[in-house]
Protein chains: 2
Amino acid sequence: MTDKPFTLRIPFPGFQPSRTDNHITRHLSDLEGRFMDTETYEQMLEEEDVMLYEVYEVRRPEIAGEMLFGIDIIHPGKVGDEFFMTKGHYHEMLETSELYYCLQGEGFMVMETPEGDTAVEKLFPNSVIYVPPRWAHRTVCTGQNEDLVNFYIYPANAGQNYGTLEQFGFRKIIVERNNRIEIIDNPNIKHRS
Amino acid sequence: MTDKPFTLRIPFPGFQPSRTDNHITRHLSDLEGRFMDTETYEQMLEEEDVMLYEVYEVRRPEIAGEMLFGIDIIHPGKVGDEFFMTKGHYHEMLETSELYYCLQGEGFMVMETPEGDTAVEKLFPNSVIYVPPRWAHRTVCTGQNEDLVNFYIYPANAGQNYGTLEQFGFRKIIVERNNRIEIIDNPNIKHRS
């Protein structure tokens, strides 16, 4: 890993950066237990383990002062009524932020804190969402046919904690009801006692 | 200052974010001593103290884990042969990075380290420049009629050190010679002994 400054190019359309250190793909099977409609989930999985999203990461040393960044692309689609989404995570170092610059598509950033605060912000081209420290975050694509594409950046020492939300679920989910996009309470949320 | 997540919109064109906590403008008089051709500088200043660049800042607590970000707009023009540019700075906390996402225009990021390494990277729409820790950085607009516009982001505890470069100058400057854009050694550089 060099310490020299460097440039990458984000092509429109396509969005695969000219420099990528890691290409992550997440399929339906990777999000087991995260969609509300488990019956439809199992049926879909039997037919095809479709790709829900992918991430092009640029890596840097994971130390304070550095930043990690890249492109995430969430594909359009639903499991039952619920739109395709990322796993979502807290940062391992809870007191670290993240910023998203939306490049294409439409969707939502679904967020919550360990204390139970929730927030949902709309993503659209040239919107910038600042996720303050302490807020878990997940992106949801609500476009009919279009990928949701975001440039993301966060402190390189943040780390990621997927376990908490895998266990408890996000408090809010994004669904389509009567041809309308709705933000509803997650019926499967496992309340902390 | 709330800790809730928030969204801002970057309008195309215009680029003034829908949320701004601080609007900085820098004029010719603010960059005294920084352009090579001091005679032309003085002549221009007598006629008009033109605006060279402006910054729309979104502020956050200046602590580790948070990030500061906004839009900077460098206007087209020259002082003699030398293109309009920002003051440029080191981070006060030297071991912190910065990232620029170019939204419009053309220009260069001019960089150097305390050890005397230099780097110059081209800025163009949808280019992303990562300035690693330790690298001072300045943006230069080389467009004929078009503003150079960048989205910038850096760790909120970085701080800024303008003094070192005000005293010594950047090692490389960007000039127009025979209708060509050239990167040359700064003839006025004050070498560290």
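Strand β10 of chain B, residues 127–131, is mostly covered, with five of its five residues buried. The model described here is a predicted one. Burial extends to both faces of β10(B): B:Ser127, B:Ile129 and B:Val131 are buried on one side, and B:Val128 and B:Tyr130 are buried on the other.

**Strand pairing around β10(B)**

Strand β10(B) has a partner in chain A, namely β1 (residues 6–9), which is joined to β10(B) by four bridges in an antiparallel arrangement. Within chain B, strand β7 (residues 98–104) also pairs with β10(B), again antiparallel and over four bridges. Individual bridge partners in β10(B) are listed below.

| Residue | Partner in β10(B) |
|---|---|
| A:Phe6 | B:Tyr130 |
| A:Thr7 | B:Ile129 |
| B:Leu99 | B:Tyr130 |

B:Tyr130 thus appears opposite A:Phe6 of the other chain and opposite B:Leu99 of its own chain. B:Tyr130 is also one of the buried residues of β10(B).

**The interface between the chains**

In total, 35 residues of chain A are in contact with 35 residues of chain B. On the side of chain A that touches chain B, at least two residues each are supplied by β1, β4 (67–74), β7 (98–104), β9 (118–123), β10 (127–131) and β12 (148–155). Strand β10(A) gives the largest share of that side, five residues. By residue class, the side of chain A that touches chain B consists of 22 nonpolar, six polar and seven charged residues.

**Symmetry**

Chain A can be superposed on chain B with an RMSD of 0.0 Å by a turn of 180 degrees, with a shift of 0.0 Å along the axis. The two copies are therefore related as by a two-fold rotation axis. Among the residues of chain A, A:Pro155 comes closest to the rotation axis, its C-alpha lying at 3.6 Å. Because 100% of the interface residues of chain A are also interface residues in chain B, the copies meet through the same surface.

**The nonpolar core**

The largest nonpolar core holds 96 residues, of which A:Ile74, A:Leu99, A:Tyr101, B:Ile74, B:Leu99 and B:Tyr101 touch the most other members. B:Leu99, listed among these, is the residue that stands opposite B:Tyr130 in β10(B). When residues up to four places away in sequence are left aside, the contacts of A:Ile74 include A:Leu52, A:Tyr53, A:Phe84, A:Met85 and A:Thr86. Further contacts of A:Ile74 are A:Gly107, A:Thr139, A:Cys141, A:Asp147 and A:Leu148.

Technical notes:
Residues numbered from 1 in each chain as written. Chains lettered and ligands numbered in written order. Predicted model: local features only at pLDDT ≥ 70, side-chain atom pairs only at ≥ 80, totals over all residues. Buried ≥ 20, exposed ≤ 12 C-beta atoms within 10 Å, placed from the backbone. Pairing = 2+ DSSP bridges. Core = buried A, V, L, I, M, F, W, Y, C linked by C-beta atoms within 7 Å. Contact = placed C-beta atoms within 7 Å. Nonpolar A, V, L, I, M, F, W, Y, C, P; charged D, E, K, R; others polar. Least-squares fit on C-alpha atoms with pLDDT ≥ 70 in both.
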